[in-house]
Every structure is written in C-alpha cells, then in structure tokens.
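Student: I've got this model open and I'd like to know what backs up the labels people put on it. Can we go through them one by one?

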Amino acid sequence: MSSKLYGQMRASSSSVLKRLKQKNPWLSQWSRSFTTTEGHRPTMVHKRSLDILHDPWFNKGTAFTMTERDRLDLRGLLPPNVMSTEQQIERFMADLKRLEVQARDGPSDPYALAKWRILNRLHDRNETMYYNVLIANIEEYAPIVYTPTVGLVCQNYSGLFRRPRGMYFSAEDRGEMMSMVYNWPADQVDMIVVTDGSRILGLGDLGVQGIGIAIGKLDLYVAAAGINPQRVLPVMIDVGTNNEKLLKDPLYLGLQRHRLDGDEYIAVVDEFMEAVFTRWPHVTVQFEDFQSKWAFKLLQRYRTTYRMFNDDVQGTAGVAIAGLLGAVRAQGRPMIDFPKQKIVVAGAGSAGIGVLNAARKTMARMLGNNESAYESALRQFWVVDANGLITDERENIDPDALPFARKIKEIHRQGLREGASLVEVVKQVKPDVLLGLSAVGGLFSKEVLEALKCSTSTRPAIFAMSNPTKNAECTPEEAFSIVGDNIVFASGSPFKDVDLELQSKSGTRSAKFSSILGKFFAGMPSLQSVEINNNPFSVIGLGTLLSGSRIISDGMLQAAAECLAAYMSEEEVLKGVIYPSISSIRDITKEVAAAVIKESIEEDLAEGYREMDARELQKLSQEEILEYVKNNMWSPEYPTLVYKQD
C-alpha cells in the first residue's frame, strides 16, 4: 500500500476513534494500545509479472497464491504447486546443507564464506524468506551475516560484489548528494547504518569494501529489532583509502585515491547528513567503524542536531556497561557497588574511550551525579595503550584519553610508572575487571592472566571484546584454564565449543561451554562464557523510532544498558551468565526498547510515532508500552499484494 494512501486511512481511523472516545470515555484506555501490527498491512505495488519476481522486496516465489498470480499476471510463470512459507524454508535449508561444500571456491575457501554466498543469493531474490531463515536460525547464521564472517566478506567484497545493495556517496559526488538521495526507491527510511570503511572491525582501512559491515549490521537489526527491511539503508561514504594494496588493485571498486582529511572530509559528511535528513527527517543514522580520529568528532558535531549515534563509541559502551553491571551481580553484590570496581582497560581507541566515558558516567550517577562523583569515578580506571600505562606524564596525549591519565605521584605509591606494561599494571592493581578493547589478538598473555589470579575480587571478570575472532585478547579456554573456573568471561567474537579438564578435590571434571553469540552451556555452575556484541543496541534504533525522540540522549543509552543488565535472573548471574542468549533476542528487544521509550518520555524528548502522539505515549503503562513495541516490530510474513497502475 502506498504511504500516501496508508496515511489517509490512518488519519481517517484516528478521527473516528476521537469521535467514539467523546461519546464513550471507556474507549480511551483501549485506544492507547491500538496499533496495527507491523508487516501485516496489504501492500500496494506498481509492477506485475516478471518485474515482481525479480524484486526481492515483494517476491514470494512459489508462495504466491493463485489469486495473487491472477492479480499480478504470474499464472504460468511459476510451478503450479503453491507452497507454504514452512515448505519454502525446508526446501532452502535442504539445498543449503547440500550446497555448502559445492559453493566453496577451492579448499582454501572457508565454509562460512560459502554459507554467506548462499544466504546472500537468497537475500537477492526474496527478502521475506531470507529473514525467516535468519530469525529461525539466528544462533547459527548471525556469525555468518555479521562478525566474524562479515570481516572476511569486507576483505573480499570487490570480488564478491554481484548485485548492489545500499547507497554509495563518494568524494566525487560533492554538490550532488541532495539530488542523489532521491534515487533510493523507499519514500520512508527509518534506519541508516553508515561507514567510511576506515576501521572495519580490527582489520583496518578497507575502503569502499566496508559497506559489508553496514549491510550485515542492518540484517541483524531487522532480525533482532524488527525494523522493516524496506525502511533500512546501508550507506558507504567513500572518501578514498589509505590501504596501499587496494590502491594498486585493478579490481577494487572504490575511489583509488588517498583519503580526504580535515575540512574536506568534514564537508563530505556534512553534505551527506543534510541530504538524508532533508528527505527522511525522522531517520536514525548509526555511524559504524569510523576511525578513532573522526568517531568522537563526528559524534559531538551531530548528536545534538540530528537523530544519530556512534555504534563503536556508544553501542559498544552500552553493551559493555550492561556486562560490567552484570559482573558485579555475578559476584553476589548489588549493582550499586559498581563504583567500587577496579577496572584495567587495555585499549584507548574510540571503543575504549567510549566505554570509559560511559562507565565513568554510570559510576558518577550512582555516587550522586555531581563534580566530586565524577572525580571519584576516575580513580577506578587504569588505561593501558600500545605505549603502556597512560599517566599525566605522557607527552602528546590524546585529548579524549587525558581525563583517564593517572596522576604520576599516585601511581608511584602503587609501584607503577608512566608506560608500565599490562602485566605490571595487573600485578599491582589486582583489578576486579580486565577489559580488552585493543584489537590486539592474544594481548592477554599467559603472564597477564597469571597476574590476574592475584585479583582482590572473589570472581574477577575478563572481557576480551575485540573482534573479529583473531583479534580477541584471549580465548575462553585460555582464561578458564589459567585463571581458574571461578571467573566471569565475555568475548566480543564467537568461539567454537571447547572442553576443559578441570582439576578439583573430587578428581577430574569435564566442563563444556561456548561463547558463540550468547549461547550458554552450564557444564559447571561457575563456568560460563558469552559472546557480546552491539546487537542488543539495535533496539536503540527501534526505541528511538517508536518514541519519535528528537535526539538520542545519554539517558536513553544508559536506560538500555541498565535494562539489559537487569534482564538476567539472580540465579543466572550467580552462575556467571551476564548476557542473555541471542536466541531470545526479540524478547530482549521488547524490554530494552520499552526502557528507551520510557526514558525519552521522562526527558521530554518523545514526539510520538504514527497515530501514537507524545501525549498518548505519556499515558501508556509499562505493559502497554511493551505491547506497543511488540505490535510495531516487523515480522517476516508475506503481505497481501495489490496492484495499482502508476
């Protein structure tokens, strides 16, 4: 159905409801929860025949009913047997298992990339079925469409490119972006994920090939947060690349020039932001994998003007805060004890500083949210970068890291010095948490992990957050086998199942655990591992959309983190389970999105969505907000298609 016609229908139904409410006051309570379930509306299309079959947004394949086949001139263009969605998925899954080996480009081609190719081909021809498959098999396929496989996809994207997806704004398009944005066919876009390809995961500058990260992230947003796939847009801002290999590659699809810098770079991003918000004033733009040099600057430049956030700075921080609060609970202490945690952070890039700022704000809020609380919170962090412990004696210190530089007189009393190694810092500080955001694989060496055994915490936490998998600071097996089984471990990338032989007074015990996308195996109550990523923060986009908030505030991000931290039961956190399973991601989405909406209302930022204006939102109870979120989450169900001639 066209957006214009749908808007007229909604306006009409809204006016009818208002008249009914005047005559029947009891209808007021009912009308507040009145929403039309997302994805169930008839859809108006302006094409028929082969054009429909070649359009992944509307193609149903063999699931077109005979009525639709007649209505859309499809009779005779498809086999006669009308199949159900379940039958289509069953057939696809059988083909996928059979084709996995055949799809490999030789023995060196990983099975994961072969799976990605097969799933990508399904995405190209039938979006609804693609998301059905992804949601039904989220634990298996999330690592295929996103990290770690997406890193491999981005590295090889020029060779893998077959069909365009998303939009490309380049330095050569300056002065044309305002008109370019109207080339995208959707009249409504709710969510944009944009990257400049400068720092893809821990793989560095991949130039235009970085669009794979935006595509993969939005796939999970659709699957996890229920955002309509016809209203999402992956974007690449191509300002060149400093990757010499790509500059010399004749098959590279991007601009073969060195990256723009300074005011020229800013001018390109400014023009892009103005263009997309001119056409789609209510869109949320997520910045993804921008190098540290620009991540903070662009966030500060746009966050009070546009509805946007930076996933690496704020998303990673939010998920990390949820885990850090969960770790406090796993130690048998209340979350209010978080300001007492001693935290050693390895890594001072955009993600590291983002987590530090968020953790400091969380501690300060718990301590009274005043100047002295902020100063007190700073004393809980020790930051180590490539040059060692950061102190106020450091020359040319990054301004973003400066607040976290330890005072040299203070650390001398602790037996430390400027530039002290990670091992030295862990030995002297005896931290409650060792947090890795360094993108340096294996940084948590045997010596570092041995030093952590001296932690003053009854249950120290190890967060190896860097991804892809090869960049993880340590593996779950290394952490548990060296530090011991009474730890909390979380990783930023998935790991294969491992078996540990643990020595105890009762003899040898075998315990199995997995870190793959939040799947828990309780071989022993205290032995748990979970992969963490920013996917729960896809609900920031959903919560912002449904609240109609003008901006994304720190309070909204904090509300999401605290809701995620509180989601686990006491029994689960005492077993070390600090993040929920990704298999329950849609249930988590409802809860966290509701928390975001509630916070936006309390901060007087909410302006409403569709028929639910700001005043109606304010009247909703907690249960009604949850129902409102649920009814506005898109589900992969084939809509009824109605043809209308242009």
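Tutor: Sure, and keep in mind that this is a predicted model. Let's start with strands β3 (residues 191–195) and β5 (residues 284–287), which are listed as a parallel pair.

Student: What makes β3 and β5 a pair?

Tutor: Two strands pair if there are at least two bridges between them. β3 and β5 have 4 bridges, in the parallel sense, so they pass that cut-off. One bridge links Met 191 to its partner in β5, Thr 284.

Student: And which strands make up the sheet, in what order?

Tutor: It's an open sheet of 5 strands, running β2-β4-β3-β5-β6 with parallel pairing.

Student: Why are β2 and β6 called edge strands?

Tutor: β2 (167–170) and β6 (308–310) each have a single partner strand, so one side of each has no neighbour in the sheet. From one strand to the next, the twist averages 20°.

Student: What packs on the sheet?

Tutor: Helix α12 (residues 211–225) does, touching β2, β3, β4 (232–238), β5 and β6. Helix α15 (residues 292–302) packs on the sheet too, touching β5 and β6, and its direction makes about 160° with that of β6.

Student: Now Ile 552: how do you know whether it's buried or exposed?

Tutor: Buried means under 20% relative accessible area. Ile 552 has 0%, so it's buried.

Student: Where is Ile 552, and what does it touch beyond its neighbours within four places in sequence?

Tutor: Ile 552 sits in the loop between α23 (538–547) and α24 (554–566). Its contacts beyond those neighbours include Thr 284, Met 308 and Phe 309.

Methods
Residues numbered from 1 in each chain as written. Predicted model: local features only at pLDDT ≥ 70, side-chain atom pairs only at ≥ 80, totals over all residues. Heavy atoms only, no water. Helix = DSSP H or I, 4+ residues; strand = E, 2+ residues; numbered from the N terminus. Buried < 20%, exposed > 50% of the residue type's maximum accessible area, 1.4 Å probe, protein only. Contact = heavy atoms within 4.5 Å. Axes fitted to C-alpha atoms, helices over the stretch in contact; angles between N-to-C directions.
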